[in-house]
Structures are given as C-alpha cells and as structure tokens.
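Let us walk through this fold together, starting with its sheets and ending with its pockets.

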Amino acid sequence: MSPPLVEVSGLSVAFRDRGQVNHALRDVAIALRTGEKLAIIGESGSGKSTFSLALAGLLPREAEIGGTIAWPGLDHAPRAGKEIGVVFQDPGSSLNPVLRIGEQVAEGARRHLGLGRRAARERALDLLTRVRIPDPDAALDAYPHQFSGGQRQRIAIAAAIAARPALLIADEATSALDTVVQAEIAALLDTLVREEAMTLLFVTHDIALASGLADRIAVFHQAQLVEIGPTSDVVHSPREAYTRDLLATHIDFASPRLVGDVAP
Ligand SMILES: Nc1ncnc2c1ncn2[C@@H]1O[C@H](COP(=O)(O)OP(=O)(O)OP(=O)(O)O)[C@@H](O)[C@H]1O
C-alpha cells in the first residue's frame, strides 16, 4: 500500500488572548491517503478550519502548535499554492477584484510550474474550460465581478489547481452558494480530483453534501476528532452519540441528491 499523503499526529492548536487560552484543536490524529476524498464535518467553532489551515501551513503566527504533520507521500515539505491548493468560502478573498481572471488563474502556473506568459495563459484557458466557465476565451480578459458567485468559486478552484497540487483543501467552499450550485461545485471537485489524481480535504458543516462526495468522513466536536470512518459507516451506523445527534439535526433531506445527480 502506498504511504499516506500526510500523517497528522497529536496536533494541538491554541490561541492565547489576554491570558485566556482557547484550544482550537486538541490531540488530533488523521492520516490522509493519497487520492482519497476526506470530509471534515462539525459545528461552527469545532476546529475544522484550524485543521485545514494547519495542513496548509497557513495558521497565524500567534497560534501555539503542538504535534507533528508529516508528508510521507511527498519528497519535500509542501507549500500552499504549489503542492497544496486552497479554496475558501468566499471567492472574494482569493480572487483579486482588479486583476483579470486569466492573470489570476495563470499566476500559479507561472510561479510554480515555471511556465512562460503564453503557456500559462494556455493553461488558464484549459483550466477555465475544465471548470466549465462559459466562453472561457472571453473570461480570460474579464474581471471577477462579471461572474456569478458559483462561477467565481469555479474560477477560484481553477486558480487553486493551476500548479497541479497534490492536495486540494476546500474549506466551506460551497457554503455561500444555493443548494443546487453547491451540489454542482461538489460534483466538479469530485471530477477534478479524479482527473488530476489529487487528494481532497473537504471541510463543511453540511453532512448531506459531505456524504455525497467523500470516501471518509471525520467528525470534529469541541476541538477534538470524535469519529472517523468510511462515509457509509459514519452516516448509517455512527459509533459516537455526538455523530448521531449531528446526523439527526443536520441532514437536510430536501437537499438535491448531490454529486451523482448533477452535472459537474
Ligand atoms: N486566529 C484566531 N485567533 C483566536 N482564536 C481563533 C483563531 N482562529 C480560530 N480560533 C478559535 O478556534 C476555535 C476553532 O475555530 P475554527 O475556525 O477552526 O472552527 P470551525 O469549525 O472551522 O468553525 P466555522 O465552521 O465557524 O468556520 C474557535 O473557538 C475559534 O474562535
């Protein structure tokens, strides 16, 4: 069996504020297998974003970090933007409003793959086509405000994968979108992860969405990992009472049947 892409052991993260210590993560251990899609679910404040920021090496300097994050699946430490692509909830935070889409998507390819201007623009065109932006040629010269929220998130995904990352982290990447668009974006992530042989960490508070996409689900509660397992086990026979409560209160059966039922 191939080694895990990343192995997290005993990860603890705390923030100190005027003498008060806020534990964002306590002793979390998770190994991500190369090529798998792992969803992290949990309520607001449970530590999901802190975990994904820790993996990406993007925690703020004041964070007090314990434990280890090893990358046996890579031959060197990863960098956010190169080996790790990140998409956040608000595409506004990853897209620059005054830069043309083509330049923004090409940036990662220029910087990390060493492509020249023309080749990077070709790569940007290919990526915009693959994330299904209508008229991708014209989109290269357009600005973010000319697109809908769902399209902006597709563009942010194109930019995040431009440098061919091994790991794509989608942190509440669909939360600001309506349910149909959410399912379309989840389906797109599913397709891209397979086509590009990436590993996906999908952070969400929406169990229905997670269960349509992920191979495994990890449940966070109050800074701790309370349960992790194959999606069908966690959804149909959860081991922990907390997961059962979460399922009872959060599954929205009115949601579209998710990834299998919508075009990517
Ligand atoms: N930069 C920070 N400074 C201080 N406290 C922080 C910081 N980042 C996170 N925290 C705290 O760590 C805890 C976990 O936050 P985190 O954002 O990881 O949770 P989450 O599960 O992603 O929540 P949400 O779904 O609302 O994004 C919270 O109590 C939060 O207030």
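Two strands count as paired if DSSP finds at least two bridges between them. Strands (E, at least two residues) and helices (H or I, at least four) are DSSP runs, numbered from the N terminus. The model is predicted, so to speak of local features takes a pLDDT of at least 70, side-chain atom pairs count only at pLDDT 80 or more, and totals for chains, interfaces and linings use all residues. Residues are numbered from 1 along each chain as its sequence is written, and side-chain values use heavy atoms, with hydrogens and water left out.

**Strands**

With that in hand, look at Ile 40 in the pairing of S3 and S7: its bridge partner in S7 is Val 203. Strand S3 (residues 37–42) and strand S7 (residues 199–204) are parallel and share five bridges. An open sheet of six strands, with mixed pairing, runs in the order S5-S6-S7-S3-S8-S9. S5 and strand S9 (224–230) are at its edges with a single partner strand each, so one side of each has no neighbour in the sheet. On average, neighbouring strands of this sheet are turned by 15° against each other, direction ignored.

Strand S1 (residues 6–17) pairs with strand S2 (residues 20–32) in the antiparallel sense through nine bridges. Asp 17 has Gln 20 in S2 as its bridge partner. The hairpin of S1 and S2 has two residues between the strands, and Arg 18 there adopts a positive phi near 45°. S1 also pairs with strand S4 (residues 64–70), again antiparallel, over six bridges; here Ala 14 has Glu 64 in S4 as its bridge partner.

**Helices**

How do H3 and H6 cross, and at roughly what angle? The axes of helix H3 (residues 101–113) and helix H6 (residues 149–161) come within 6 Å and cross at roughly 30°. Axes here are lines fitted to C-alpha atoms, for helices over the stretch in contact, and angles run from 0 to 180 degrees between N-to-C directions. That makes H3 roughly parallel to H6, the term for angles under 35 degrees (over 145 is roughly antiparallel, 65 to 115 roughly perpendicular, and the rest oblique). Ile 101, Gln 104 and Val 105 of H3 meet Ile 155, Ala 158 and Ala 159 of H6, where contact means heavy atoms within 4.5 Å. By class, this contact of H3 with H6 has five nonpolar residues, one polar and no charged ones. Nonpolar covers Ala, Val, Leu, Ile, Met, Phe, Trp, Tyr, Cys and Pro; charged covers Asp, Glu, Lys and Arg; the others, Gly among them, are polar. H6 also lies across S5 and strand S6 (167–171), running at about 165° to S5.

**Pockets**

A pocket is an open set of points on a 1 Å grid over the protein atoms alone, where a 1.4 Å probe fits, with protein on both sides within 12 Å along at least five of seven lines; lining residues have an atom within 4 Å of a point. Grid points are joined across faces, edges and corners, and a volume is the space filled by probe spheres set on the points.

| Pocket | Volume | Lining by class |
|---|---|---|
| Largest | about 480 Å³ | twelve nonpolar, six polar, two charged residues |
| Second largest | about 230 Å³ | four nonpolar, two polar, seven charged residues |

Among the 20 residues lining the largest pocket, Gly 81, Val 86, Ser 94, Ala 159 and Ala 160 are the closest to its centre. H3 gives the largest share of that lining, five residues. For the second largest pocket, H3 again has the largest share, with six residues.
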